[in-house]
Amino acid sequence: MALGVVGFASQIPTFVLAAFSGAWIDRANKHRLVLIAQICAMAQAFALATLVLTHHITYPLLIALSLISGVIDALEIPSRQSFVIDMVDDPADLANSIALNSSLVNAARLIGPAVAGLLIAVVGEGWCFFINGVSYSAIIIGLLAMRLRPRPPGATSRPLWDVFQEGIHYAAGSVPIITLLMSLAVISLLGSSYTVLIPVFAAQILHGGPHTMGFLMAASGMGAMTGALYLASRRTIIGLGRIIGIGMALFGAGLICFSFSRVFWLSWMMMLCAGFGMMVGTASINTMLQTIVEPDKRGRVMSFFTVAFIGMSPIGNFGGGALASRIGAPASVRWAGAMCLAAAVWYFFQLETLRQHIRPIYRQMGILPEVASGLQAASTTIKPRG
């Protein structure tokens, strides 16, 4: 229950604030926003490390620092996601850049806890937090070194509330955007709880310790990295719609099998499968969303993406922890996996409708030029008989 509460505290600000931050992001300097957010995140990490290393950390302080981290994320994540477009000079590289960025972001979310699990076993929690704080220096230096083309600022004369409402109507009125966001929300809501329950599986189900938890999270991270490499190697975004459904199904099936396992090697394999499925599904959704959204609304749509991806996690973490305290961690993860699998089935029923709405956008963007040229070539080569 305590693990669920801390997870809830670190992510509930994203659920509350991220949707509104997009209206501000679309008319602000994203580079500056990301830089300020990274500096604040570094300060939070060093504060946590100091309190742990000096043995002054308490449960209320941990919750307070988690809330601060969540507020930073509510601004930083949608800013960074929409900032990727500003770093790409050649439009031909846009789809690959989005795919690579979303793959790395999602891989880091799974690989990070895996590395942390191993570091905790070697040097302890305090130094793990300290290393996290130091790691922000590389990001800050990279941001300061960037030389970007000047971008026209967004309209600043309209009230923020009007800009926010415009983003809501735009997202709700687009079948592809609302379908992808709903699918992502289900994955995050039902599937995120397994990460906070890994310590329970490691200690009580598999009868291990910090090393066991580290290896399980490492398996999830390895699966995520494999999925990231697969997506980054793709030359086109065509076909991602089907891949999203497959990723959702693999994620749900991996969680179900993991919940039944009482053998370490089988649990490790199922974590590998779940990490791969979650990476492929969420990163593909990110790529498709950033490709089809209109540029002047990208900040708002990515803020909705952040709410669906990060903001739903606290509810899943809290609900998963509460449910696990009543019916046990294995049954809780099993139900989450079953619901993810059901969501994958629903998504496949929506897939053809999704394709019908996305194809015109791809043709307009020049992503499907081969379709038109192929049809034209076929019409010139096929001659009538008789």
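Hi everyone. Let me start with the rule I'm using: a salt bridge here is a side-chain nitrogen of Lys or Arg within 4 Å of a carboxyl oxygen of Asp or Glu. Please keep in mind that what you see above is a predicted model. With that rule, we get five salt bridges, and I'd like to walk you through some of them before turning to a pair of helices.

Let's begin with glutamate 166 and arginine 300. Their side chains form a salt bridge, with N to O at 2.7 Å. What does this pair tie together? Glutamate 166 belongs to helix α6, residues 160–172, while arginine 300 belongs to helix α12, residues 298–311, so the bridge links parts that lie 134 residues apart in sequence. The surroundings of the two partners are worth a look as well. Arginine 300 has a relative accessible area of 4%, and because buried means under 20%, it counts as buried. Glutamate 166, at 27% relative accessibility, is partly exposed.

Next, please find glutamate 294 and lysine 297. They form a salt bridge too, and their closest N and O atoms are 2.9 Å apart. Is lysine 297 buried or exposed? Lysine 297 is buried, at a relative accessible area of 9%. Its partner, glutamate 294, is partly exposed at 37%.

My third example is arginine 359 with glutamate 352. Here the closest N and O atoms of the salt bridge are 3.7 Å apart. Arginine 359 is partly exposed, with a relative accessible area of 35%, and glutamate 352 is partly exposed as well, at 37% relative accessibility. This pair also belongs to something wider: salt bridges with shared partners connect Glu352, Arg355 and Arg359 into one network.

Now for the helices. For two packed helices, the description rests on the angle between their axes and the distance between the axes. Our pair is helix α10, residues 240–260, and helix α11, residues 264–292. Their axes come within 7 Å and cross at roughly 150°. How do α10 and α11 run relative to each other, roughly parallel or roughly antiparallel? Angles over 145 degrees count as roughly antiparallel, so that is the label for α10 and α11. The crossing of α10 past α11 is left-handed.

And which classes of residue make up that contact? Between α10 and α11 there are 18 nonpolar residues, eight polar ones and no charged residues.

That's my tour. Thanks for listening, and I'm happy to go back to any of these spots in the viewer.

Methods:
Residues are numbered from 1 along each chain as its sequence is written. This is a predicted model: local features need pLDDT of at least 70, side-chain atom pairs count only at pLDDT 80 or more; totals for chains, interfaces and linings use all residues. Side-chain values use heavy atoms; hydrogens and water are left out. Helices (H or I, at least four residues) and strands (E, at least two) are DSSP runs, numbered from the N terminus. Buried means under 20% relative accessible area, exposed over 50%, partly exposed in between (1.4 Å probe, protein chains only). Axes are lines fitted to C-alpha atoms, for helices over the stretch in contact, and angles run from 0 to 180 degrees between N-to-C directions. Angles under 35 degrees count as roughly parallel, over 145 as roughly antiparallel, 65 to 115 as roughly perpendicular and the rest as oblique. A crossing is left-handed if the near helix is turned anticlockwise from the far one by less than a right angle, and right-handed if clockwise. Ala, Val, Leu, Ile, Met, Phe, Trp, Tyr, Cys and Pro count as nonpolar, Asp, Glu, Lys and Arg as charged, and the others, Gly among them, as polar.
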